[in-house]
Amino acid sequence: MSSLSLYDTLTRTTAAFVSIKEGEVGIYLCGATVQAPPHIGHVRSGVNFDILRRWLSHSGYNVTFIRNVTDIDDKILHKAVHEELPWWAVAMKYEREFSEAYAALNVLAPTYEPRATGHITQMIGLMQILIEKGAAYAPGNGDVYLEVRKLSSYLTLSRQKLDDLQPAADAEATSSEKKDPRDFALWKAAKPGDPSWPTPWGPGRPGWHLECSAMAHQYLGETFDIHGGGLDLIFPHHENEIAQSEAAGYGFAQRWMHNAWVTTSGEKMSKSLGNSLQVHELLKSVRGIELRWYLGSAHYRSMLEFSHEALAESATAFKRIEGFLNRSVEILSVVPTPVINEAFTDAMNDDLAVPTALASISESLKVGNNAITAGDKAVIAQAANEIRGALSILGCDPFDPAYATSGNSDELVAALDGVIALALEQRTAARERRDFAASDSIRDGLASLGIIIEDTAQGPRWSITGNGSR
Ligand SMILES: [Zn+2]
């Protein structure tokens, strides 16, 4: 039996995973800045790290999974002005949209999901430690900066040299207050009209990086097993998290894992393209389970080049697997019991090699379909059990109750369409025999269910208003 190896961005090598505490794993994943609806580029890391979490749980670990919500940030403040809403209303609106997208994709809820604004006390405490240790300074204008030149390990994750580095993006007008233009802001002095919290250095709000160091410490302690996020977070965000936490004397993350992007034409998805690739838009053409299957099918470190054709093909491939499982239930009169076979285990233990794991599912599918032809029930059962086991780790188990409400919506619509067509035939028949009381009662009955009938040249059409009286 193989054992789990995972790639570490810090060492650029794949090595055996050994948890700090036997049987326990702590994971911190950088979550969303809630300032726009989620597109698939945003949720890919949620799916990838959910597969990691499920595999660790299956491997016997008790996993504590933290994914934060950045609910205060320049982009949120800009959006609030644009949408003429309070900043917290913008943050809440998009946090809900992210939660709905994660749920539609069957991404397990984090053990804890801390918001930045709920951890200002911890951030102030961390800044006090950093100032006491001489790693950070408050120039007196309300800002607090980390002095990067004092840190020997700064930039080891991204393998850059400090002297090659351009000044931090938050340099703005305050850069004259910095000891070094590359020092980054832990805390930003309040600007007129912006939200602020009181600190010993004056009112202000957190810089982006501080929250993750403070919240990882709060929920996972000084040292924890895995820190994750998208590739684009390596610099500056993760470098700055390391700088803050190590300067405070914490061991911080023992391993760094980064998922690659969803690309369009080879580039990281841009915001303008993002509109059509928002999760709720794509869920109009495929089911959540199919979108998850697609997003999870590439290796997490490989770029996933998006196209609608590829998504449709992937959904068709998934339906074939699902079709086999449904056939097995019809033949065996029993829902398959999840079994994790050795080929799937070996693939997942090799740095979550999902494409290899998918090959093992294809193999089971071939064997299972041949067994249906041959009428070999024992082999059908084994194949169905192994496929369901693999799908459950990938978060794509069609028998998972998480998919029960969103699943089969096509079939439900088709059935409803049939029932309404039947009612409309009755209504037409009633009209033809000039029984208007009966015809009106059918129309009113449908209306009370929120189903509106419109008579068009092509015949009656129906729609659901959602305002039914029951
Ligand atoms: Zn972070």
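**View 1. Pro236 in helix α6 of the predicted model.** Let us start with Pro236, which has its place in helix α6. This is a predicted model, and here the peptide bond leading from Phe235 to Pro236 is cis, with omega near 0°. Helix α6 covers residues 234–247 and also holds His237, a residue we meet again in the next view.

**View 2. The zinc ion and its protein donors.** Which residues hold the zinc ion as protein donors? They are Cys30 (SG), Cys212 (SG), His237 (NE2) and Glu241 (OE), and they lie 2.0 to 2.3 Å from the ion. Along the chain, these donor residues follow the spacing C-x181-C-x24-H-x3-E. Cys212 in helix α5 (residues 210–220) and His237 in helix α6 are 25 residues apart, a pair that links distant parts of the chain. Why is the arrangement around the zinc ion called irregular? The 4 donor atoms subtend angles of 77 to 131°, and a tetrahedral site would need all angles to lie between 85 and 135 degrees.

**View 3. Two zinc donors and their accessibility.** Are Cys212 and His237 buried or exposed? Cys212 has a relative accessible area of 1%, so this residue is buried. His237 counts as buried because its relative accessibility is 1%. The cut-off for buried is under 20% relative accessible area.

**View 4. An open sheet of 4 strands.** Follow the strands across this sheet and you will find the order β5-β6-β7-β8, with antiparallel pairing. At the edges stand β5 (136–137) and β8 (204–206); each has a single partner strand, so one side of each is left without a neighbour in the sheet. Strand β6 (residues 144–146) and strand β7 (residues 184–189) run antiparallel and are joined by 3 bridges. To find your way along this pair, look for Val144, which stands opposite Trp187 in β7.

**View 5. Helix α11 and its surroundings.** This view shows helix α11 (residues 342–349), where Phe344, Thr345, Ala347, Met348 and Asn349 are buried. What do the buried residues of α11 pack against? Their partners are β1 (5–8), α1 (40–58), α12 (354–374) and α13 (377–393). At the start of the helix, Asn341 brings a side-chain oxygen to within 3.3 Å of the backbone nitrogen of Ala343. After α11 comes Asp351, with a positive phi near 55°.

**View 6. Lys21 in its loop.** You can find Lys21 in the loop between β2 (13–16) and β3 (24–29). With a relative accessibility of 55%, Lys21 counts as exposed. How many residues separate Lys21 from Phe224 in sequence? The two are 203 residues apart along the chain, while their C-alpha atoms are 9.2 Å apart in space.

**View 7. Arg12 and Glu84, each with a positive phi.** Arg12 lies in the loop between β1 and β2. Its phi is near 60°, a positive value in a residue other than glycine. Arg12 counts as partly exposed, at 30% relative accessibility. Turn next to the loop between α2 (74–83) and α3 (87–104), where Glu84 is found. Phi of Glu84 is near 55°, again positive in a residue other than glycine. Is Glu84 buried or exposed? Glu84 is exposed, because its relative accessible area is 72%.

Terms used. Residues numbered from 1 in each chain as written. Predicted model: local features only at pLDDT ≥ 70, side-chain atom pairs only at ≥ 80, totals over all residues. Heavy atoms only, no water. Donors = N, O, S within 2.8 Å, 3.2 Å for Na, K, Ca; no water. Tetrahedral: all angles 85-135°; square planar, octahedral: opposite > 155°, others 65-115°. Helix = DSSP H or I, 4+ residues; strand = E, 2+ residues; numbered from the N terminus. Buried < 20%, exposed > 50% of the residue type's maximum accessible area, 1.4 Å probe, protein only. Pairing = 2+ DSSP bridges. Contact = heavy atoms within 4.5 Å. Polar contact = N/O pair within 3.5 Å; in protein donor to acceptor, adjacent residues only side chain to side chain.
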